[in-house]
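Me: I have a chain open and would like to talk through its empty spaces and its surface. Could you go through it with me?

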Amino acid sequence: MTFDMAGKATRERPRVTAAQYLSLIAGGLLVVLGLAGFAVTGFSDWTGGTKEQQVIGFAVNPLSNVLHLVLGALGLLGRTGARRARWYGILLFLVGAALFTYGALSADHDGDPLNLNWPTSTLHAVLAVAGLVMAFVPVKTPPQPTTAELK
């Protein structure tokens, strides 16, 4: 709580950074994808699945659904602070890049434990780029008051 020039108490609202908004958006989308994936696949055959088990074009299985839910929950948690959002961005970049690389090498092959297809691999690449943006987007700091303003 701060006080203005008249001595009235004013309440400062914490600033929400762009990384926190991106963390909320990415986390929310991943949670929705994970929950919708479980509606399609159910809870059996964790590493199986067919390429026909899809949510809006993204191939899913229970293992990938859990991965999406965990990353989504971490994204929603990242919304609670600027530092958490940046760390979530780094994590999202690392996981997204690893999954894109894995998917590029194994997409559309039978026996893939994550049941990846090209749209899913593309989603992972987009998430990796979003993670980079979250991690490195500049945070504006309010201007420091001058000594004349402090009097």
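Me: Which residues line the largest cavity?

Reply: Bearing in mind that this is a predicted model, the lining of the largest cavity is made up of Ala-59, Ser-64, Leu-67, His-68, Leu-99, Leu-114, Leu-116, Thr-120 and His-124.

Me: And which helix gives the largest share of that lining?

Reply: The largest share comes from H2, with three residues, and H2 and H4 are each a source of at least two residues of this lining.

Me: How much space lies in there, and how many cavities of 30 Å³ or more does a search of the whole structure find?

Reply: The largest cavity holds about 30 Å³ of space, and the search of the whole structure turns up one cavity of 30 Å³ or more. As background, empty space left between atoms is revealed by rolling over them a probe the size of a water molecule.

Me: Let me pick Ser-64 from the lining. Is Ser-64 buried or exposed?

Reply: Ser-64, which lies in helix H2, counts as buried because its relative accessible area is 4%, where the cut-off for buried is under 20%.

Me: What does Ser-64 touch, leaving out residues up to four places away in sequence?

Reply: With those residues left out, Ser-64 is in contact with Ala-59 and Leu-114, and both Ala-59 and Leu-114 appear in the lining of the largest cavity as well.

Me: OK, pockets now. What volume does the largest pocket have, and which residues lie nearest its centre?

Reply: The volume of the largest pocket is about 240 Å³. Its lining consists of 15 residues, and those nearest the centre are Ala-26, Leu-29, Leu-30, Leu-123 and Leu-127.

Me: Which helix gives the most to that lining?

Reply: That is H1, which contributes seven residues to the lining of the largest pocket; helix H1 spans 18–41, and both H1 and H4 supply at least two residues each.

Me: Switching to the outside, which residues make the nonpolar surface patch?

Reply: The patch, of about 690 Å², is formed by Phe-43, Trp-46, Leu-63, Val-66, Val-70, Leu-74, Leu-77 and Leu-91. Helix H2, residues 62–78, accounts for the largest share of the patch, namely five residues.

Me: Take Val-70, then. Why is Val-70 classed as partly exposed?

Reply: Val-70, a residue of helix H2, has a relative accessible area of 47%, so Val-70 is classed as partly exposed, a class that runs between the 20% limit for buried and the 50% limit for exposed.

Me: How much does the chain expose, and what share do carbon and sulfur atoms supply?

Reply: The chain exposes about 9,400 Å², of which 69% is supplied by carbon and sulfur atoms, while 35% of its 151 residues count as buried.

Me: Back to the fold: what pattern does the chain follow along the sequence?

Reply: Read along the sequence, the order is β-β-α-β-β-α-α-α-α, with five helices and four strands in the chain. Among contacts with a separation of 6 or more, 66% are between residues 24 or more positions apart.

Me: One last residue: where is Val-137, and what does Val-137 touch?

Reply: Val-137 sits in the loop between helix H4 (118–136) and helix H5 (147–150). Not counting residues up to four places away in sequence, Val-137 touches Ala-18, Ala-19 and Arg-86. Arg-86 is 51 residues away from Val-137 along the chain, and their C-alpha atoms are 8.7 Å apart.

Note on methods
Residues are numbered from 1 along each chain as its sequence is written. This is a predicted model: local features need pLDDT of at least 70, side-chain atom pairs count only at pLDDT 80 or more; totals for chains, interfaces and linings use all residues. Side-chain values use heavy atoms; hydrogens and water are left out. Patches are made of residues with over 30% relative accessible area and no salt bridge: like charges are joined within 9 Å, nonpolar side chains (Val, Leu, Ile, Met, Phe, Trp, Tyr) within 5 Å. Accessible areas come from the Shrake-Rupley method with a 1.4 Å probe; for residues, only the protein chains shown count as cover. A salt bridge is a side-chain nitrogen of Lys or Arg within 4 Å of a carboxyl oxygen of Asp or Glu. Buried means under 20% relative accessible area, exposed over 50%, partly exposed in between (1.4 Å probe, protein chains only). Contact means heavy atoms within 4.5 Å. On a 1 Å grid over the protein atoms alone, a cavity is a set of points where a 1.4 Å probe fits but cannot get out, and a pocket is an open set with protein on both sides within 12 Å along at least five of seven lines; lining residues have an atom within 4 Å of a point. Grid points are joined across faces, edges and corners, and a volume is the space filled by probe spheres set on the points.
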